[in-house]
Amino acid sequence: MSLSRIAVLFVMCSIVLSVVGESASAQNSATKQATRSDGIAKSIAESVSGTLQFAEGNFLGVAEAMPEDKYSYIPAGGNFDGVRSFGEQVKHVACAQFAFFNEFEGKKPPDDCEKGGHDPAKTKAELIKYLKDSFDYSNLVLATLTANNALDRVEGRYAGPNTKLGISVIAVWHITDHYGQLVAYLRLNGIVPPFTQKYGVKVR
């Protein structure tokens, strides 16, 4: 084959590759744009934080829905010996959020979250503030979760040893576990949980 034909073929191949490359680049750009605009998480942190914030919002809703004079409420009937009161449940969850994400950061967590921790909060207003502060903290720390550190080892007595990703998932599960318990506390006091009220579900 002559050098002139080789040169022509080279130029043609270059043009084809250029067109294909531009097409692929345009498709990738369109895909990325679609991903950013359709609400799908763009990072590991966002993948967890969306569910965490949903759980936190629901839990805060039940905490705010219970009247203050019912914060000492413990279900009667059945076997409820030794269970936490409504307020103690709220305080426990707040303490646990600090504990999980203290461990995430490599800090020493509170020693007594089973009993609500050392925070002096007692009234409904104080407990709601403690809860909100714990949620703010958990989201601040969770934002530092990346693909590079997700499997970093986490030590501690609360769900450890674990990974940063694992402890973050545990935090979500823990809130939902206690949310389910407090839903029963609310209903036993004739209160429909706020999240359920949105759907107008009627008692059959």
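H92 is buried in this predicted model, at a relative accessible area of 9%, which is under the 20% cut-off for that label. H92 belongs to helix α3, residues 86-104. If you skip the neighbours within four places in sequence, the contacts of H92 are R84, C113, E114, G116, H174 and H178. Both H92 of α3 and the pair H174 and H178 of α5 turn up again in the helix contact described further down.

**The chain as a whole**

Stepping back, there are six helices and two strands, and from the N terminus the order reads α-α-α-α-β-β-α-α. The chain has 204 residues, of which 36% are counted as buried. Among contacts with a separation of 6 or more, 70% are between residues 24 or more positions apart.

How far does the confidence go? The average pLDDT of the chain is 83, and 79% of the residues score at least 70. Residues 1-35 are the part to watch: pLDDT there is below 50, and the stretch makes three contacts in the model beyond near neighbours in sequence. Where pLDDT is low, the predicted coordinates shouldn't be read in detail.

**How the helices pack**

Two packed helices are described by the angle between their axes and the distance between those axes. Here are three pairs, side by side:

| Helix pair | Axis angle | Axis distance |
|---|---|---|
| α2 (residues 44-65) and α5 (residues 164-188) | about 20° | 9 Å |
| α2 and α4 (residues 124-142) | roughly 175° | within 10 Å |
| α3 and α5 | roughly 175° | within 10 Å |

Take α2 with α5 to begin with. Their axes make an angle of about 20°, so the two helices count as roughly parallel. The crossing of α2 and α5 is left-handed. On the α2 side the contact is built by I44, V48, T51, L52, A55, E56, N58, F59, V62 and A65, while α5 brings L165, S168, V172, I175, T176, H178, Y179, L182, V183 and L186. Sorted by class, that contact of α2 with α5 comes to 14 nonpolar, five polar and one charged residues.

Now α2 with α4. The axes cross at roughly 175°, which makes α2 roughly antiparallel to α4. From α2 the residues involved are A45, V48, S49, L52, Q53, E56, F59, L60, A63 and E64, and from α4 they are K124, I128, L131, K132, F135, S138, N139 and L142. Here the split is 10 nonpolar, four polar and four charged.

What about α3 and α5: roughly parallel or roughly antiparallel? With an angle of roughly 175° between the axes, α3 and α5 are roughly antiparallel to each other. Helix α3 puts in F86, Q89, V90, H92, V93, A96, Q97, F100, F101, E103 and F104, and α5 answers with K164, I167, S168, I170, A171, H174, I175, H178, Q181, L182, Y185 and L186. The contact of α3 with α5 sorts into 14 nonpolar, seven polar and two charged residues.

One α5 residue from that list is worth a stop. A171 sits in helix α5 and is buried, with a relative accessible area of 0%. Setting aside residues up to four places away in sequence, A171 touches Q97, F100 and F101, and those three are among the α3 residues of the contact just listed.

**The loop between β1 and β2**

From A171 we can hop to A159, 12 residues away along the chain, with 9.3 Å between the C-alpha atoms. A159 is in the loop between β1 and β2 and is partly exposed, at a relative accessible area of 32%. Its backbone is a bit odd: phi of A159 is near 70°, a positive value in a residue other than glycine. Then there's the peptide bond between G160 and P161, which is cis, with omega about -5°. P161 also lies in the loop between β1 (153-154) and β2 (162-163). For context, most residues other than glycine have a negative phi, and most peptide bonds are trans.

**Just ahead of α2**

Last stop is S43, in the loop between α1 (3-37) and α2. Its relative accessibility is 30%, so S43 counts as partly exposed. Which residue pairs up with S43 across 103 residues of the chain? That's T146, with the two C-alpha atoms separated by 7.3 Å.

Note on methods: Residues are numbered from 1 along each chain as its sequence is written. This is a predicted model: local features need pLDDT of at least 70, side-chain atom pairs count only at pLDDT 80 or more; totals for chains, interfaces and linings use all residues. Side-chain values use heavy atoms; hydrogens and water are left out. pLDDT is the predictor's confidence in each residue, from 0 to 100. Contact means heavy atoms within 4.5 Å. Helices (H or I, at least four residues) and strands (E, at least two) are DSSP runs, numbered from the N terminus. Buried means under 20% relative accessible area, exposed over 50%, partly exposed in between (1.4 Å probe, protein chains only). Axes are lines fitted to C-alpha atoms, for helices over the stretch in contact, and angles run from 0 to 180 degrees between N-to-C directions. Angles under 35 degrees count as roughly parallel, over 145 as roughly antiparallel, 65 to 115 as roughly perpendicular and the rest as oblique. A crossing is left-handed if the near helix is turned anticlockwise from the far one by less than a right angle, and right-handed if clockwise. Ala, Val, Leu, Ile, Met, Phe, Trp, Tyr, Cys and Pro count as nonpolar, Asp, Glu, Lys and Arg as charged, and the others, Gly among them, as polar.
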